[in-house]
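User: I should like to go through the surroundings of the ligand and the terms used for them. Please show the sequence and the structure.

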Amino acid sequence: MPIWDIFCRVIDNHGDLGVCLRLARDLAARGQQARLWCDDLSALNWMQPEAVPGLSCHHWDQAIEAAPGDVVLETFGCELPSAFVVAMATRPTRSAWINLEYLSAESYVERSHGLKSPQFSGPGAGLDKWFFYPGFTARTGGLLREPGLIDAAISHHGDAWLAARGWQRQPGERVLSLFAYPQAPLDEFLEALGPGWLLLLCPGAPQTALPPLLRPGQRALALPYLSQQDYDRLLWSCDLNLVRGEDSFVRAQWAGQPMLWQIYFQDDGAHAAKLDAFLDLSLDLSLDGADPAWASRWRALSRAWNGLSDWTPACAEALRERSAAVGQARSWRARLGMQEDLTSQLMAFARHASGG
Ligand code: TRH
């Protein structure tokens, strides 16, 4: 059974561990042995409270005592412990050394995906490191999508699931989930949203900042942290999902419900181009049933939610046009579903990187 070593450093928030855990779980489910090495495992208590066959989680510092596996994943440029790299360099059969990068819809991803970087100095001298980029198009490494995920989202009984947790909607009410960074423009959003909404607030600053801003006809409930599996079910159950970062953003696309993405803010402004690149792809007018007027309003709303443009009447209008938003979400999901998923691609890539 091939052994995968997945290294993860928690920079901030939960996306780094969230992506690594999801990948490790998917590999384990496909018969691989996954070992996750992370410098802060505390979020596993809620993300993955139960043990997963084939997956073991360890503190980063313990890796120096381990013999490297068949595939070593350095995620998001986290820099492997040098003693571990030394052990990789002396392994009789070379491990495939792969750097898993952040997700972006920008065009550099297609150019950079799959490149090899021979190591000429340092503890890994003589080894090759390979770059694997997730993405939304055929010339990228794809997106994490466990077998059967879209079918599970389609057959989920959202109202029953919400009701069983005490988060049920009232007659005629719509439900949204909100997972957001502290700088989210909550006041403007609530004004644009209008009445008739139940807002399910994921942990974070909006749980305290949002309730005093609610408008008539809006209710909010604060949710605890859910396991990743239950967070998926929450996304499948809602009429609109506000997500952030990387992993919740991808999961919301598989949910096939309208989704607003709050991108991870970067001081140099790089996030603006990253958001626009995603909007260019996902609001593609060649998608089934695409509506150009709605797409331009949804773009305005997405940019406003990210503080990149003003809130205009078009933003409120975009939030009211449910059928166009659902149509886009379903067509976009169907298009993404035709891509090979990331784990399948990564397994094939690892064979290629190890010369097999
Ligand atoms: O937490 P995020 O903002 O994470 C990140 C990090 O900031 C990271 O450093 C940055 O590089 C990256 O974004 C772009 O958002 P994300 O990526 O959605 O990660 C959250 C994880 O938490 C995801 O795996 C889903 C999970 N989650 C649950 O399992 N249960 C929950 O209740 C919630 C709200 C989230």
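User: Which element gives the most to the shell around the ligand?

Analyst: That element is α1, with 3 residues; helices are DSSP runs (H or I, at least four residues), numbered from the N terminus. The model is predicted, with local features needing pLDDT of at least 70 and side-chain atom pairs pLDDT 80 or more, whereas totals for chains, interfaces and linings use all residues. Residues are numbered from 1 along each chain as its sequence is written, and side-chain values use heavy atoms, without hydrogens and water.

User: What makes the contact of L226 with the ligand a polar contact?

Analyst: A polar contact is a pair of N or O atoms within 3.5 Å. A polar backbone atom of L226 is 2.7 Å from a nitrogen atom of the ligand, so the pair meets that limit.

User: How do you know that D247 makes such a contact too?

Analyst: An N or O atom in the side chain of D247 is 2.6 Å from an oxygen atom of the ligand, and therefore within the cut-off.

User: Why is the ligand said to lie between two domains?

Analyst: Domain 1 (3-143 + 340-353) and domain 2 (149-337) both give residues to the shell, so the ligand lies between them. The domain bounds come from an automatic or database domain assignment.

User: Which residues come nearest to the ligand?

Analyst: Of the 23 residues around the ligand, these are D12, Y181, L226, D247 and S248; a residue is near if one of its heavy atoms lies within 4 Å.

Key. Polar contact = N/O pair within 3.5 Å; in protein donor to acceptor, adjacent residues only side chain to side chain. Helix = DSSP H or I, 4+ residues; strand = E, 2+ residues; numbered from the N terminus.
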